[in-house]
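Student: Before I use these labels at the bench, I would like to see how each one is justified. Can we go through them against their cut-offs?

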Amino acid sequence: MVEDHKHEESIMEKIVEKIHGHGDSSSLSDSDDDKKSTSSSSSSFKSKIYRLFGREKPVHKVLGGGKPADIFLWRNKKVSGGVFGAVTASWVLFELFEYHLLAFLCHFAIFALAALFLWSNACTFIHKASPHIPEVNIPEDPVLQLVSGLRIEINRGLTVLRNIASGKDVKKFILVIAGLWVLSIIGSCYNFLTLFYIATVLLFTIPVLYEKYEDKVDAFGEKAMKEIKKQYAVLDEKVLSKVLSKIPRGALNKKKD
């Protein structure tokens, strides 16, 4: 009898343990579901955040990543300051002092060759080892990567221009015409070297400031884009739709046929 009673108690203990284990697993599954729901809600909230120009990658990735992005974002202040200082010195030399690039390259080569030539001959007179002049070769892979990247971007730009010229997107047509008009005004005021320096200054200032004040700029950009869309809708309704309606597309289609 005692053994039967113990056997019944052991069975009851196993049943209770199974019930508790099932409750724990259900609570764990509930907690996992809660975590999944919170993560999905947080991811959906992040996806709803407006980013300027539809940006999905970080600013560092947008700039290409690697060392060039580190230089533009001032990750290493000494390197970035050195590059920016060299560009500024070149602009001052060529633009303010009106020094020409070809003359500068020739004078620099004359000075460097003369200094190395005199140094090598001086070392023979004082019985010292001649200076080691390193062999400089342009690597093939970076040049091919640069050319390949430029080819892709040029082909992409030509595709956009072709779509605009075919009359498929009026919005892009207006934006491109306005952009080219603004560039023509800027180009008439400054020469190519000054434009290159202005572009360099913008690359060294705008990305780092945008990365620092990203949320504020994106919020302002969202409001600006909404206002631009409203104004474009008004322009489309009052001007563009009327102009396009007057174009005899049926006659053009008959001529094509």
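Tutor: What follows is a set of questions and answers on a predicted model.

Student: Why is Thr200 called buried?

Tutor: Thr200 has 9% relative accessibility, and buried means under 20%, so Thr200 counts as buried. Thr200 lies in helix α8, residues 192-212.

Student: What makes the link from the side chain of Thr200 to the backbone oxygen of Phe196 a polar contact?

Tutor: The side chain of Thr200 reaches that oxygen of Phe196 at 2.8 Å. A polar contact requires N or O atoms within 3.5 Å, so this pair meets the distance limit.

Student: How do you know that Glu211 forms a salt bridge with Arg75?

Tutor: The closest N and O atoms of Glu211 and Arg75 are 3.1 Å apart. The rule asks for a Lys or Arg side-chain nitrogen within 4 Å of an Asp or Glu carboxyl oxygen, so the pair qualifies. Because Glu211 is in helix α8 and Arg75 in the loop between α3 and α4, the pair ties together parts that are 136 residues apart in sequence.

Student: Why are Glu211 and Arg75 called partly exposed?

Tutor: Glu211 has a relative accessible area of 29% and Arg75 one of 44%. Partly exposed lies between the limits of 20% and 50%, so the label applies to Glu211 and to Arg75.

Student: How many salt bridges does the rule give?

Tutor: The count comes to three. Among them is Glu153 with Arg156, at 3.6 Å from N to O. Another is Lys226 with Glu222, at 3.9 Å, which is within 4 Å and therefore counts.

Student: Why are Glu153 and Arg156 separated by about one helical turn?

Tutor: Because Glu153 and Arg156 are three residues apart in helix α6, residues 140-165. Lys226 and Glu222 are four residues apart in helix α9, residues 214-245, and are also separated by about one helical turn.

Student: What makes the phi of Trp74 worth a remark?

Tutor: Trp74 has a positive phi of about 60° although it is not a glycine. Most residues other than glycine have a negative phi. Trp74 lies in the loop between α3 (66-72) and α4 (77-96). Glu98 also has a positive phi, near 55°, and is placed in the loop between α4 and α5 (101-125).

Student: Is Glu98 buried or exposed, and how do you know?

Tutor: Glu98 has 63% relative accessibility; exposed means over 50%, so Glu98 counts as exposed. Trp74, at 28%, is partly exposed.

Student: What makes the nonpolar surface patch?

Tutor: Its residues include Leu180, Trp181, Val182, Ile198 and Leu202, and the patch has an area of about 950 Å². The elements giving two or more residues to the patch are α7 (170-189) and α8. Helix α7 gives the most, with six residues.

Student: Why can Val182 belong to the patch?

Tutor: Val182, in helix α7, has a relative accessible area of 41%. Patch residues need over 30%, so Val182 passes that limit.

Student: Where does UniProt place the feature "transmembrane region"?

Tutor: The unreviewed UniProt entry places the feature at residues 99-119 and 173-206. In the model, residues 99-119 are 90% helix and 0% strand, with end C-alpha atoms 28 Å apart. Residues 173-206 are 94% helix and 0% strand, with end C-alpha atoms 26 Å apart. The annotation may be inferred rather than shown by experiment.

Conventions
Residues numbered from 1 in each chain as written. Predicted model: local features only at pLDDT ≥ 70, side-chain atom pairs only at ≥ 80, totals over all residues. Heavy atoms only, no water. Buried < 20%, exposed > 50% of the residue type's maximum accessible area, 1.4 Å probe, protein only. Polar contact = N/O pair within 3.5 Å; in protein donor to acceptor, adjacent residues only side chain to side chain. Patch = residues over 30% accessible without salt bridge, like charges linked within 9 Å, V, L, I, M, F, W, Y side chains within 5 Å. Areas by Shrake-Rupley, 256 points an atom, 1.4 Å probe, with all protein chains shown as cover.
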